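Here are my notes for you, in numbered points. Keep the model open and find each place as you read.

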Amino acid sequence: MTGTNLVTTDQTSTEIAALAKRYRAAGGIGIQILNVIGGQAENLLERLPEKVKDRLEAATSTALELAMNAASGSRGVVPDQKGWLNTALATAMGAAGGAGGLPTALAELPVTTTVLLRAIQGVAADHGFDPNDPEIRRECIAVFAAAGPLASDDGSDMGFLSARVTLTGASVHGLIAKVSPRLATVMGQKLAAQTVPLLGAAAGAATNYAYTSYYQQMAQVQFGLLKLSQETGRDRESLVAELRDALARR
């Protein structure tokens with residue numbers, strides 16, 4: 001996949017339009033989740049105990065480290081699953097995690113993160129990339145720097161799509177340290193939703209459904225752009241700019 005200039009301008013525009021559609025669809029279900037649990041994403045975190053909020057970034061970083069090891073180690077044993085199956089599995093885990101309130105939701109966090117990462121790796125493989133390649137491993141982690149399904153995103157927050165300079169040469173551990181603060185906020189919203197009285201299991205299932213759908217769509221955008229960059233010989237930054245323009249024309 002090293003050939004350049006094999007894709008015409010019209011084909012590139014068509015691909016960008018398809019990626020823009022995926023980008024828009026990624027966060028659509030998040031609004032429905034907020035309607036189910038009530039309130040707004042920005043005040044969900046206020047529902048968490050202070051001691052949990054203080055530990056959230058460290059817990060998220062640990063979960064991502066565990067997920068990276070577990071996801072990579074399982075690739076030779078458990079094959080990549082279809083997107084709908086990843087979503088179904090995560091949904092079931094979210095229900096179980098929410099059923100017991102905050103303690104079980106916290107225990108479920110690294111397991112769900114592993115499923116999400118495996119789903120992202122599966123998207124990378126579908127686009128012809130090797131998830132065990134160090135650069136692609138970093139690309140997979142970078143997907144978690146996206147805003148999250150409960151965020152209001154107008155397409156301006158696309159730094160994770162054009163972070164090639166950051167990715168190049170960065171260790172997986174170093175990249176996790178950069179991604180963890182953003183992911184901690186996103187996962188904190190999920191944990192808070194799972195603690196809503198009487199809605200824990202339902203909210204857990206709903207948020208995991210939204211999160212799995214979201215990150216799989218964002219992975220499609222991430223690796224779609226990477227593949228398009230290789231096929232056209234264009235740098236990723238210019239393709240991201242074209243994607244941003246396409247989103248602005250909605």
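1. Start with two helices from opposite ends of the numbering: α1 (residues 9-26) and α11 (residues 236-248) have axes that come within 9 Å and cross at roughly 65°. The axes are lines fitted to C-alpha atoms over the stretch in contact, with angles running from 0 to 180 degrees between N-to-C directions. The crossing of α1 and α11 is right-handed, a label used when the near helix is turned clockwise from the far one by less than a right angle (anticlockwise would be left-handed).

2. Which residues of α1 and α11 meet? From α1 come Thr12, Ser13, Ile16, Leu19, Ala20, Tyr23 and Arg24, and from α11 come Leu239, Glu242, Leu243, Ala246 and Leu247. Sorted by class, this contact of α1 with α11 has eight nonpolar, two polar and two charged residues. Contact here means heavy atoms within 4.5 Å. As for the classes, Ala, Val, Leu, Ile, Met, Phe, Trp, Tyr, Cys and Pro count as nonpolar, Asp, Glu, Lys and Arg as charged, and the others, Gly among them, as polar.

3. A word on what you're looking at: this is a predicted model, where local features need pLDDT of at least 70 and side-chain atom pairs count only at pLDDT 80 or more, while totals for chains, interfaces and linings use all residues. Residues are numbered from 1 along each chain as its sequence is written, and side-chain values use heavy atoms, leaving out hydrogens and water.

4. Now the whole chain. It has eleven helices and zero strands, both taken as DSSP runs numbered from the N terminus (helices: H or I, at least four residues; strands: E, at least two). Of the 250 residues, 49% are buried; buried means under 20% relative accessible area, exposed over 50%, and partly exposed in between, with a 1.4 Å probe and protein chains only. Take the contacts between residues at least 6 apart in sequence: 83% of them join residues at least 24 apart.

5. Helix α10 (residues 200-232) holds Ser229. Is Ser229 buried or exposed? Ser229 counts as buried because its relative accessibility is 15%. Apart from neighbours within four places in sequence, Ser229 is in contact with Arg234, Asp235, Arg236 and Leu239. Glu231 also sits in α10, but at 24% relative accessibility Glu231 counts as partly exposed. The C-alpha atoms of Glu231 and Thr8 are separated by 9.8 Å, although their positions lie 223 residues apart along the chain.

6. Have a look at α9 (172-194) next, and the loop that links α8 (164-167) to it, where you'll find Ser171. Ser171 is partly exposed, at 41% relative accessibility, and its C-alpha is 7.9 Å from that of Arg138, 33 residues apart in sequence. Inside helix α9 is Ser180, which is buried at 2%. Beyond its neighbours within four places in sequence, Ser180 is in contact with Glu57, Thr60 and Ser61.

7. Ala193 belongs to α9 as well. Ala193 is buried, with 0% relative accessible area. Its C-alpha is separated by 9.4 Å from that of Leu48, 145 residues apart along the chain.

8. Last, the rings: Phe144, Tyr211, Tyr214 and Tyr215 are linked into a cluster by ring pairs.

Note on methods: Phe/Tyr/Trp six-rings, centres within 6.5 Å; stacked < 30°, edge-to-face > 60°.
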